[in-house]
Amino acid sequence: MRPGSKPTIRDVAQTAGVSLTTVSYVLSGRSGGTTRISEATQERVHAAVRELGYVANSAARGMRRGRTELVAVAVPDLEQPRDRAIATVLARILPEHGYQSVILLGGNWRQFMLSGGADGVIHTSAPKADDDSGAMAEPAGRGTPHVLITDDAGPGSLAVQDGHEVVPAGTDTPELLAGRAVTLLLAQLRG
């Protein structure tokens, strides 16, 4: 390992005296397929990880798997108490389902999603104008799961004209709204 560089999986393998495949199996929690990995070998790998301070590169793992295990939470304004509360609840409950949240303010979510930044997006409010609705339609047209939490969920509203999944806000609590949004998004992600 070069001084000042982050340790890699190769460094872990070299330090533990095992193959890259063995390190991969141990760190992913897989049993090794038809080959059993001994407890002693697993402990050597974990000891090398601790010694080197190795942390898996989630971006590289996401590229290999074709998914990021991230959900974008698009919030127009954190000054709005309901939006802030929903974003907070989503950040708490998404990890229970294997996803981390990325809070995106304003219009930044669109470019992030088009670049493959997250597996899906939950919007804390509906589009206010046709331009905003069009911005939502582009990533959705590419197969990116979207869920909208909105007060405006009528048949002609911008929220539903492009066929997005909608959680009608009404007077429900942020916890209920976030829970419903996660359920709808997970159905799309795992469907």
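This is a short dialogue on reading a predicted model, from its overall layout down to single strands.

Me: Where do I start with a chain like this, and how many helices and strands are there in it?
Reply: Start with the list of elements, then read their order. This is a predicted model, and its protein chain holds eight helices and five strands. Along the sequence, the pattern runs α-α-α-α-β-α-β-α-β-α-β-β-α.

Me: Which share of the residues counts as buried?
Reply: Burial is a good second look. Of the 191 residues in the protein chain, 36% count as buried. The outside can be read too: the chain exposes about 10800 Å², and 51% of that comes from carbon and sulfur atoms.

Me: And what can I learn from contacts along the sequence?
Reply: Look at how far apart the partners sit in the numbering. Taking the contacts with a separation of 6 or more, residues 24 or more positions apart account for 63% of them.

Me: Let's take one helix. Which residues of helix α1 are buried?
Reply: Go through the helix residue by residue, then ask what covers the buried ones. In α1, which spans residues 9-16, the buried residues are D11, V12, A13 and A16. They pack against α2 and α3. Just after the helix, check the backbone as well: G17 follows α1 and has a positive phi, near 75 degrees.

Me: Why are α2 and α3 described as roughly perpendicular?
Reply: Compare the crossing angle with the range for that word. The axes of α2 (residues 20-28) and α3 (residues 39-52) come within 10 Å and cross at roughly 85 degrees. Angles of 65 to 115 degrees count as roughly perpendicular, so α2 and α3 are roughly perpendicular to each other.

Me: Which residues make that contact?
Reply: From α2, the contact uses T22, V23, V26 and L27, while α3 contributes T41, Q42, V45, H46 and V49. Sorted by class, there are five nonpolar residues, four polar and no charged ones.

Me: Now a strand. Which way do the residues of β3 point?
Reply: Check the two faces of the strand separately. In β3 (residues 120-123), G120 and I122 point one way, and V121 and H123 point the other way. All of these are buried.

Me: Which strands are joined to β3?
Reply: Count the bridges and note the direction. Strand β1 (residues 70-75) runs parallel to β3, with four bridges between them; V73 has I122 of β3 as its bridge partner. Strand β4 (residues 146-150) is also parallel to β3, joined by three bridges. There, V121 stands opposite H146 of β4.

Methods
Residues numbered from 1 in each chain as written. Predicted model: local features only at pLDDT ≥ 70, side-chain atom pairs only at ≥ 80, totals over all residues. Heavy atoms only, no water. Axes fitted to C-alpha atoms, helices over the stretch in contact; angles between N-to-C directions. Parallel < 35°, antiparallel > 145°, perpendicular 65-115°, else oblique. Contact = heavy atoms within 4.5 Å. Nonpolar A, V, L, I, M, F, W, Y, C, P; charged D, E, K, R; others polar. Buried < 20%, exposed > 50% of the residue type's maximum accessible area, 1.4 Å probe, protein only. Areas by Shrake-Rupley, 256 points an atom, 1.4 Å probe, with all protein chains shown as cover. Pairing = 2+ DSSP bridges.
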